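Q: Could you take me through one part of this structure up close? I'd like to see how a single piece sits among its surroundings.

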Amino acid sequence: MEDKKTNLCCSADVKTCQEVLDLAENVGPYICLLKTHVDIITDFNRDFIVKLQEIAEKYNFLIFEDRKFADIGNTVKSQFGEGIYRISSWAHITNAHAIPGPGIIDGLKQISQQRDGDDKKEQNNNNNNNRTVNHGLLLLAEMSSKGNLATDNYTKTTVKYAEENNDFVIGFICRKKLSSTPTLINMTPGVHLEVKGDGIGQQYLTPNKVINENGSDIIIVGRGIYRAENQAESAKKYRDAAWNAYLNAIN
């Protein structure tokens with residue numbers, strides 16, 4: 001974030017590998033994170049992951065798979081580490097609901113630690129095609145959709161889980177700053193410069209509202225960028241708005 005002077009995460013809610021790669025190439029210089037929804041991609045393949053990692057390295061951003069895990073610890077271990085997507089092999093960050101209890105954090109952490117060990121072994125075997133992926137987990141403490149149930153005691157309990165597991169949990173998906181723990185970041189979705197809603201429950205906030213007034217650290221922008229006629233220009237506009245709001249907040 002500091003190196004690139006950006007606190008923008010772009011949400012790649014598009015349906016094909018090429019659309020994701022084109023978006024990543026267009027917005028890469030302006031973002032700190034690219035958020036993927038791998039399970040909506042209709043033509044997923046492993047070559048896509050290699051190409052996405054190359055773009056991430058080229059533009060120095062992290063990949064955040066918005067998987068929203070929500071099952072018991074044993075199940076999420078398989079969902080994170082196995083299956084056709086093998087998310088733990090390429091996503092630097094993922095997220096989870098706290099509704100199953102702290103066991104979901106333990107399960108994901110076990111796969112992360114196992115993956116770290118596997119990466120080190122492969123490096124020792126001089127496998128230059130292997131990329132080491134360190135993991136961080138975000139907990140969904142609040143949501144941007146109208147009528148959601150992530151409120152009050154649920155949010156407070158989620159914050160408690162994060163503070164108790166801050167060796168792996170790196171922050172929250174939220175609408176405002178939730179914790180004074182300096183190592184926990186606050187990331188807010190539902191950000192748009194021009195519209196207030198989408199007609200099906202989404203409630204948008206402006207970058208200044210999110211960063212300067214609500215105390216969040218990173219804005220998450222989807223449709224405001226990927227639907228823009230010029231994705232790069234739109235990403236730059238959001239990057240500038242969010243970074244200027246951050247500078248105003250700390251001064």
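A: Let's take a close look at helix α2, end to end and side to side. Keep in mind that this is a predicted model. Helix α2 covers residues 46-59, so count 14 residues. From its first C-alpha to its last it reaches 20 Å, close to the 20 Å expected at 1.5 Å a residue.

Now for the sides of the helix. Phe48, Ile49, Leu52, Gln53, Ile55, Ala56 and Tyr59 are the buried residues of α2. If you look down the axis of α2, those buried residues fall within an arc of 160°, so they line one face of the helix. What does that buried set pack against? The partners are α1 (17-27), β2 (33-36) and β3 (62-69). Turn to the face of α2 pointing away from the buried side, and you'll find Asp47, Glu57 and Lys58, which are exposed. To put numbers on those words, a buried residue has under 20% relative accessible area, while an exposed one has over 50%.

The two ends are worth a look too. At the N-terminal end, Asn45 acts as a cap for α2. A side-chain oxygen of Asn45 lies 3.1 Å from the backbone nitrogen of Asp47, and Asp47 is also one of the exposed residues on the outward face. At the other end, α2 is followed by Asn60, and the phi of Asn60 is positive, near 60°.

So, put together: α2 has one face lined by its buried residues, another carrying exposed ones, a cap from Asn45 at the N-terminal end, and Asn60 following the helix.

Technical notes:
Residues are numbered from 1 along each chain as its sequence is written. This is a predicted model: local features need pLDDT of at least 70, side-chain atom pairs count only at pLDDT 80 or more; totals for chains, interfaces and linings use all residues. Side-chain values use heavy atoms; hydrogens and water are left out. Helices (H or I, at least four residues) and strands (E, at least two) are DSSP runs, numbered from the N terminus. The expected span of a helix is 1.5 Å times one less than its number of residues. Buried means under 20% relative accessible area, exposed over 50%, partly exposed in between (1.4 Å probe, protein chains only). The arc is that of the directions from the helix axis to the C-beta atoms. Contact means heavy atoms within 4.5 Å. A polar contact is a pair of N or O atoms within 3.5 Å; within protein, one must be able to donate a hydrogen and the other to accept it, and residues adjacent in sequence count only if both atoms are side-chain atoms.
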